[in-house]
Amino acid sequence: MTAPSVGEGVRMQIVELTPDHAEDIVTWSYPEPDGCYDLTGMDPRHFTDLTHGFWALVDGERLIGYRCYGPTARVLGYDYVDDALDIGGGLRPELTGQGLGQTAIATGLAFGAENFAPRIFRVTVAEFNVRALKVVDSLGFLAVDKFESPADDRTYVVLVRDA
Ligand SMILES: CC(C)(COP(=O)(O)OP(=O)(O)OC[C@H]1O[C@@H](n2cnc3c(N)ncnc32)[C@H](O)[C@@H]1OP(=O)(O)O)[C@@H](O)C(=O)NCCC(=O)NCCS
């Protein structure tokens, strides 16, 4: 756990992802065009399996998002080199579009630096997701590559930043 960071009045902290968190996460559905990020119907055990690297992003007792570290944060179809820590995640649907993303991702980066001590952070973002690209750009990530994923035929951008 790291010290809480504050964004738009929300105190964000990363904690262990519990079975209750996982039951909540598998109900999350995003309005279009973000429907591809829906987590509805997934097995909650996917999120509590420690080998998958999921952590809960909370404001006190309230689950406001999740962060994911390691290979689970990768997207099918790219030849990843093991020189960076992959990070992914999302806010709960009703909290998107309110300017919380930058603090959410920054909180996740601080946690990643403290717990995994990587040299480089890496994120993989769908090219259509301008909102997410703006947030990672604001945090200093630079695009290094692009590819099309056979998982959904979308184009993804690979971005890195020194940790
Ligand atoms: C991606 C995510 C972290 C972004 O955080 P957020 O709090 O929703 O984003 P914000 O409201 O801060 O918006 C970020 C920027 O994008 C802009 N924006 C929002 N929607 C936009 C759109 N459709 N087109 C262009 N810009 C858009 C905002 O105006 C803001 O710009 P600014 O920084 O110049 O003010 C969050 O939406 C999320 O977790 N979504 C879940 C699904 C997802 O996208 N997952 C992939 C994560 S890599």
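The following paragraphs describe the ligand site, the pockets and some local backbone features of a predicted model. Local features were considered where pLDDT is at least 70 and side-chain atom pairs at pLDDT 80 or more, whereas totals for chains, interfaces and linings use all residues. Residues are numbered from 1 along each chain as its sequence is written, and side-chain values use heavy atoms, with hydrogens and water left out.

The ligand is surrounded by 17 residues, of which Leu-91, Gly-97, Gly-99, Gly-101 and Asn-129 come nearest; a residue is counted here if one of its heavy atoms lies within 4 Å of the molecule. Among the elements of secondary structure (DSSP runs numbered from the N terminus, with helices, H or I, of at least four residues and strands, E, of at least two), β5 (85-91) and α4 (130-138) each supply at least two residues of this shell, and α4 gives the most, with five residues. By class, the shell holds seven nonpolar, eight polar and two charged residues, where Ala, Val, Leu, Ile, Met, Phe, Trp, Tyr, Cys and Pro count as nonpolar, Asp, Glu, Lys and Arg as charged, and the others, Gly among them, as polar.

Oxygen atoms of the ligand take part in polar contacts, that is, pairs of N or O atoms within 3.5 Å; within protein, one atom must be able to donate a hydrogen and the other to accept it, and residues adjacent in sequence count only if both atoms are side-chain atoms. A backbone N or O atom of Gly-101 lies 2.7 Å from a ligand oxygen, a polar backbone atom of Gly-99 is 3.0 Å from a ligand oxygen, and a polar side-chain atom of Arg-131 is found at 3.2 Å from a ligand oxygen. Of the 940 Å² of accessible area that the ligand has on its own, 65% is covered by the protein, as computed by the Shrake-Rupley method with a 1.4 Å probe, where for residues only the protein chains shown count as cover.

The space taken by the ligand is the largest pocket, a molecule being assigned to a cavity or pocket if more than half of its atoms lie within 2 Å of its grid points. On a 1 Å grid over the protein atoms alone, a cavity is a set of points where a 1.4 Å probe fits but cannot get out, and a pocket is an open set with protein on both sides within 12 Å along at least five of seven lines, its lining residues having an atom within 4 Å of a point. About 1,200 Å³ of space lies in the largest pocket, the volume being the space filled by probe spheres set on grid points joined across faces, edges and corners. Of its 43 lining residues, Tyr-37, Tyr-66, Gly-88, Gly-89 and Gly-90 are the closest to the centre. The largest share of this lining, five residues, comes from β5, and the lining comprises 24 nonpolar, 13 polar and six charged residues.

The second largest pocket contains about 150 Å³ of space. Its lining has 13 residues, with Asp-49, Leu-50, Gly-53, Phe-54 and Trp-55 closest to the centre.

Local features were also examined. Thr-27 is found in the loop between α1 (19-25) and α2, where a polar atom of its side chain lies 2.6 Å from the backbone oxygen of Asp-24. Pro-33 is likewise found in the loop between α1 and α2, and a cis peptide bond with omega of about 15 degrees joins Glu-32 and Pro-33. Ala-117, in the loop between α3 and β6, has a phi near 45 degrees, a positive value in a residue other than glycine.
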